[in-house]
Amino acid sequence: KIDSLLKRMTLKEKCALLSGKDNWRTVPIERLGIGSLIMTDGPHGVRATEDSGRMFAPATSFPTGVSMAATWDPSLIEKVAEALAEETRTLGCDILLGPCVNIVRHPLAGRNFESYSEDPYLAGQIGIAWVKGLQRKGVGASLKHYACNNQEDDRFRGSSEVDERTLREIYLPQFETIVKEANPWTVMCSYNRINGFYASEHTYLLKEILKGEWGYEGMVVSDWGANHTIFESVQGGLDLEMPGPAKYYGRLLEEAVNNWQIEEADVDEAARRVLRMLVKAGKLKDSPPPAGKLNTPEHQALACQLAEESITLLKNEGGLLPLDLSAIKSVAVIGPMAAIGSIGGGGSSFVQPPYRISPLQALQEKLGDTVKIQHAQGCDNFVELPALGPSVLKPSSGKGQGLRGLYYDNPDFSGKPVLDRVDASVDFWWLSFAPLAHTPPAYSVRWTGKLVAAETGRHTLLVRNTGTARVFIDGELRLENVTSHTDQVWPMPTAILRLDLVKGKSHDLQIEFIRPTGVDFPHIKAMFAYTPAPEDDDRLERAVALAGKSDIALVFVGWPEGYESEGRDRPSIDLTGPQDELVRRVAAANPNTVVVLNCGSPVAMPWVAQVPAIVEAYYPGQEGGRAVANVLLGHVNPSGKLTVTFPKRLSDTPAFTNFGPGREVIYGEGIFVGYRHYDLRQVEPLFPFGHGLSYTTFSYSKLKVPTKIKAGKTVQVSLKVTNTGDRPGKEIVQLYVADKQASLPRPPKELKGFAKVSLQPGETQEVTFDLNQRAFAFYDPVKADWVVEPGAFRILVGASAQDIRLKAKLVISAA
Ligand code: BGC
């Protein structure tokens with residue numbers, strides 16, 4: 001079918017097929033009944049965007065990638081991915097852009113929260129489950145970002161300089177195993193260069209390794225705006241350029257074929273791969289209208305379960321948790337993340353939730369009147385001001401909350417507006433004129449209404465935008481930010497205005513935004529932020545006083561939503577604002593202090609010794625507060641474990657000297673990433689990879705490993721795990737392999753198996769592992785192959801990378 005279609009297609013049509021029609025759809029070829037493939041983000045919910053004529057409705061916001069991996073439970077991830085597929089279909093899309101399996105190389109990297117782990121084996125197993133679950137339900141995955149997209153600063157141009165062995169052992173294995181075992185419909189190449197060449201034209205990575213060695217038959221799509229060339233990309237193995245309209249493919253590609261710069265066969269090869277996905281998506285016939293449901297009670301329950309299974313109990317001295325309600329009469333709920341909480345990180349993966357449950361709300365619902373709950377925010381934690389929102393805005397049209405927005409299809413506010421609506425806040429990314437099908441290339445928007453301050457004092461108003469932004473207060477132009485960029489802009493230019501406002505006094509507010517002609521990058525941002533800064537900020541003192549008079553203090557701290565984000569790396573691992581001071585002082589006021597962390601990457605804990613109980617909740621999605629409350633109250637026994645090492649200091653981390661903006665980022669730590677580094681250098685982490693406590697205890701026994709085996713044979717390992725405590729619980733058993741003698745330096749141990757076992761009190765279960773050849777192999781760059789060197793190995797089984805409970809020796813002899 002594909003062959004016959006290809007024969008009937010003109011060169012122009014084939015070239016058109018290799019690029020987007022708009023942000024999310026491929027170019028349809030109506031003459032031949034070929035529809036569009038419709039893509040959307042991904043990966044922890046379906047991002048309903050207001051552009052490309054797509055349906056707009058809020059989908060379930062699940063916990064992010066790091067939470068998925070922290071469950072160490074592929075069967076749960078399959079179920080979650082099935083739910084994601086159903087919601088993708090409901091929103092009329094064919095491909096969900098995920099999973100993101102890039103290795104967490106450095107704690108400051110902006111997309112750690114979206115990624116799975118510092119370990120390729122764990123990332124691979126979770127990724128396989130995600131892709132299988134999704135595709136089982138007829139929605140295609142897009143395995144991303146291939147490859148070595150391990151930081152955000154300079155991601156559009158920087159080069160990850162990685163040696164061959166490191167590439168093969170750390171940065172590619174998860175892609176390899178997912179491609180081989182789950183066959184994702186598409187693979188998304190990354191923005192960055194790898195050893196000097198853009199991922200989008202990387203013949204070695206795309207053609208030789210992915211399509212050649214691994215036999216990948218799906219379609220390679222560029223990350224959005226990652227393609228920079230015509231024939232290098234087509235020949236290099238990039239099949240589809242996104243987003244559209246075509247920048248380098250399309251007409252220029254057609255010309256390149258006509259000018260004999262590139263063979264038509266190369267275009268055919270790419271078109272064949274795109275057609276294959278169109279067939280899979282059923283786009284060669286009349287496709288049925290989208291059907292299904294979003295955000296069903298089942299999906300909400302699954303989002304809650306995923307959060308519960310991921311939450312990681314880092315410390316629990318004296319069994320402070322779960323809360324003993326028979327002994328507690330009052331609870332102080334403290335901290336900037338208690339009443340709101342971050343449910344996800346920033347950038348393309350953020351899913352606007354239909355609702356969100358905060359920890360405070362969930363605790364109030366669950367405890368009712370049985371315990372006195374009092375709340376004190378303590379301090380702010382934002383770094384960037386939050387968006388100006390409905391609490392201080394009234395639209396000029398009188399109805400609704402926010403500002404009235406008049407949208408014009410020209411850059412100078414002329415003629416009749418094409419859209420007249422109320423916007424709750426002015427914070428847009430890829431601004432588009434929903435419900436219009438087509439957003440004009442140049443446009444202007446004027447928002448009008450009243451600004452009524454909630455507090456008396458000095459306020460800060462900020463604009464962050466591409467194009468031009470202006471703010472008028474009481475008819476006077478007070479702020480203007482004009483950016484001259486016509487292409488990618490990051491970080492976005494900002495301008496700030498300080499305003500003295502009086503509580504309750506109303507001011508006329510007018511905000512203008514202009515997207516000029518000639519801007520060709522789709523990242524359009526218009527953001528107007530504002531903060532009420534109370535004149536006498538005694539919130540910290542009040543929180544400490546509340547902690548002092550309560551039986552228990554629960555402190556919810558973390559990073560504000562969007563602080564960890566695509567597009568930028570963070571400057572430090574510290575909690576933002578005065579949160580460390582808040583924790584320290586609360587802990588000093590109340591020895592029964594529990595800290596709940598709301599962040600997607602390792603965070604510094606200078607107060608770790610002072611606080612008896614610490615819980616890592618990650619970014620737990622719309623149901624997060626409920627899941628956290630269930631864990632604190634003991635309705636759920638925590639079973640998540642860390643998927644990255646938490647360092648004591650940033651300078652202890654493996655890539656400390658080799659990270660950050662610049663033309664080249666040297667991956668100088670080589671294969672010693674994550675726990676491989678901490679093991680080798682004997683650096684003590686704050687909390688090790690694989691660490692996570694339970695409200696019960698487990699013992700490990702009866703490890704069985706063959707003492708001798710021939711290379712090439714599968715090694716069967718078994719052991720027993722017993723729940724030695726008094727409540728049901730789940731344990732994540734980890735199996736590491738250590739190569740004792742090798743001709744090349746090897747990490748002291750590497751994760752090669754894991755299992756999550758559910759046990760009743762007193763119950764024992766046998767856990768088995770089959771270790772194949774690859775579990776013992778290293779990549780020899782001289783032989784250009786994986787090698788298992790005969791000799792002594794050790795099998796290490798334990799509860800974390802630093803809590804090895806059982807060991808056995810195994811000798812591998814030549815085959
Ligand atoms: C991100 C991708 C995302 C794409 C489409 C890019 O900026 O890197 O992960 O899928 O945008 O939104």
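**Exercise 1. Find how Asp41, Arg111 and Tyr191 meet the ligand in this predicted model.**

Start with Asp41: one of its polar side-chain atoms sits 2.4 Å from an oxygen atom of the ligand. Next, go to Arg111, where a polar side-chain atom lies 2.7 Å from a ligand oxygen atom. Then check Tyr191, which brings a polar side-chain atom to 2.8 Å from an oxygen atom of the ligand. Now zoom out to the surroundings. There are 15 residues around the ligand, and the ones that come nearest are Asp41, Arg111, His145, Asp223 and Glu566.

**Exercise 2. Work out whether Glu87 is buried or exposed, and what its side chain pairs with.**

First, place the residue: Glu87 belongs to helix H4, which covers residues 74-90. Second, look at its relative accessible area, which is 0%. The cut-off for buried is under 20%, so Glu87 counts as buried. Third, hunt for a polar partner. The side chain of Glu87 makes a polar contact of 2.7 Å with the side chain of His299. Finally, list the other company, leaving out residues up to four places away in sequence: Glu87 touches Val46, Ala59 and Thr60, and also Lys293, Leu294, Asn295, Thr296 and His299.

**Exercise 3. Which residues have the most contacts inside the largest nonpolar core?**

Take the core as a whole to begin with: it has 115 residues, and Ile34, Trp130 and Tyr146 have the most contacts inside it. Then ask which element gives the largest share; that's helix H5 (residues 120-136), with 8 residues. Now pick Ile34 and follow its contacts. Skipping residues up to four places away in sequence, Ile34 touches Leu5, Met9, Leu17, Pro28 and Ile29, along with Leu275, Leu278, Lys283 and Leu284. Last, look elsewhere: another core lies apart from this one, with 39 residues that include Leu546, Val603, Tyr618 and Val644.

**Exercise 4. Trace the open sheet of 5 strands and say which strands are at its edges.**

Walk across the sheet and you'll get the order S28-S36-S35-S30-S31, with mixed pairing. The strands that pair on one side only are S28 (708-710) and S31 (750-759), so these are the edges, given that a pair takes at least two bridges. On average, neighbouring strands here are turned by 30° against each other, ignoring direction. Now zoom in on one pair: S28 runs parallel to S36 (residues 803-813), and 3 bridges link them. To see one of the matches, start at Lys708; its bridge partner in S36 is Val811.

Methods: Residues are numbered from 1 along each chain as its sequence is written. This is a predicted model: local features need pLDDT of at least 70, side-chain atom pairs count only at pLDDT 80 or more; totals for chains, interfaces and linings use all residues. Side-chain values use heavy atoms; hydrogens and water are left out. Helices (H or I, at least four residues) and strands (E, at least two) are DSSP runs, numbered from the N terminus. Axes are lines fitted to C-alpha atoms, for helices over the stretch in contact, and angles run from 0 to 180 degrees between N-to-C directions. A nonpolar core is a set of buried Ala, Val, Leu, Ile, Met, Phe, Trp, Tyr and Cys residues joined through side-chain atoms within 4.5 Å. Buried means under 20% relative accessible area, exposed over 50%, partly exposed in between (1.4 Å probe, protein chains only). Contact means heavy atoms within 4.5 Å. A residue is near a molecule or strand if one of its heavy atoms lies within 4 Å of it. A polar contact is a pair of N or O atoms within 3.5 Å; within protein, one must be able to donate a hydrogen and the other to accept it, and residues adjacent in sequence count only if both atoms are side-chain atoms.
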